Structure formats: structure tokens, C-alpha cells
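Colleague: I've got a new model open and I'd like to talk it through with you. Can we go through it piece by piece?

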Amino acid sequence: MSREKFLKVYANIPINLRKDIILVLEEKGPITWDVAYVEIKNNTTLGKTILKKLEALGLI
């Protein structure tokens with residue numbers, strides 16, 4: 001469910017804003033919309049972590 005929410009939000013973000021940082025993870029550093037998209041789309045462990053953090057922040 002979170003994954004679908006993220007993909008809908010990402011699809012509506014202007015292309016020029018997708019390089020903006022949306023999250024900073026202590027172990028990985030800054031995460032942009034583009035990085036988040038790749039990780040979440042490929043269903044990686046990092047993608048799952050990103051989804052949890054974005055939900056906690058209320059971004060999705």
C-alpha cells in the first residue's frame with residue numbers, strides 16, 4: 001500500500017524537483033526522490049526503509 005502511494009506521489013512531482021533531497025538516512029546519507037524511486041521500484045531493503053521513513057514523516 002505504501003509503495004503504491006509513493007509511486008502516485010512521485011508521478012505527480014515535477015521533474016525538476018525529483019533531484020531534491022527528501023530524506024537523510026544516517027547510514028546512507030541524503031536520499032533524493034529519484035534515488036527513492038529506484039530503490040522502492042526495485043523493492044530493495046533500502047527501499048523498504050525509505051518507505052517507512054517517508055510514512056513516518058507524513059510525505060506519503
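What follows is a chat about this predicted model, one question at a time.

Colleague: Let's start with the helices. How are α1 and α3 oriented relative to each other?

Modeller: Look at the axes of α1 (2-11) and α3 (residues 45-57). They come within 10 Å and cross at roughly 75°. Angles from 65 to 115 degrees fall in one class, so α1 and α3 are roughly perpendicular.

Colleague: Which residues in α3 meet α1 there?

Modeller: By class, that contact has three nonpolar, one polar and two charged residues. On the α1 side you'll find Ser2, Arg3 and Phe6. Their partners in α3 are Leu51, Leu54 and Glu55.

Colleague: Now charges. Which side chain meets Lys19 in a salt bridge?

Modeller: The count of salt bridges comes to one, and the cut-off is 4 Å from nitrogen to carboxyl oxygen. Lys19 has its partner at 3.4 Å, N to O. Lys19 lies in the loop between α1 and β1 and the partner in helix α2, so the pair ties together parts that are 15 residues apart in sequence. The partner is Asp34.

Colleague: And is Lys19 buried or exposed?

Modeller: Asp34 has a relative accessible area of 22%, which puts it at partly exposed. For Lys19 the figure is 63%. Exposed means over 50%, so Lys19 is exposed.

Colleague: Arg18 sits in the loop between α1 and β1 too. How far away is the nearest side chain of opposite charge?

Modeller: Arg18 is buried yet has no salt bridge. Among the residues it touches are Tyr10, Trp33 and Asp34. Asp34 is the nearest side chain of opposite charge, and a salt bridge has to be within 4 Å. The distance from Arg18 to Asp34 is 5.2 Å.

Colleague: Over to Tyr37. Which residues does Tyr37 touch, not counting those up to four places away in sequence?

Modeller: Tyr37 is in helix α2 (residues 33-41), and at 25% relative accessibility it counts as partly exposed. Leu7 is 30 residues apart from it along the chain, with the two C-alpha atoms separated by 7.5 Å. Leu7 is one of the residues Tyr37 touches. The full set is Phe6, Leu7 and Tyr10.

Colleague: Which residues does Lys53 touch, again leaving out those up to four places away?

Modeller: Lys53 lies in helix α3 and is partly exposed at 41% relative accessibility. Lys53 and Leu23 are 30 residues apart in sequence and 7.9 Å apart in space, C-alpha to C-alpha. The residues that Lys53 touches are Leu23 and Leu25.

Colleague: What about Leu46: buried or exposed?

Modeller: Leu46 lies in helix α3 too. Leaving aside neighbours within four places, it is in contact with Leu25, Lys28 and Glu39. Its relative accessible area is 19% and the cut-off is under 20%, so Leu46 is buried.

Colleague: Last one. What is the phi of Asn43?

Modeller: Asn43 is found in the loop between α2 and α3. It is partly exposed, with a relative accessible area of 49%. Although Asn43 is not a glycine, its phi is positive, at about 55°.

Key
Residues numbered from 1 in each chain as written. Predicted model: local features only at pLDDT ≥ 70, side-chain atom pairs only at ≥ 80, totals over all residues. Heavy atoms only, no water. Helix = DSSP H or I, 4+ residues; strand = E, 2+ residues; numbered from the N terminus. Buried < 20%, exposed > 50% of the residue type's maximum accessible area, 1.4 Å probe, protein only. Contact = heavy atoms within 4.5 Å. Lys, Arg positive; Asp, Glu negative; His and termini not counted. Axes fitted to C-alpha atoms, helices over the stretch in contact; angles between N-to-C directions. Parallel < 35°, antiparallel > 145°, perpendicular 65-115°, else oblique. Nonpolar A, V, L, I, M, F, W, Y, C, P; charged D, E, K, R; others polar.
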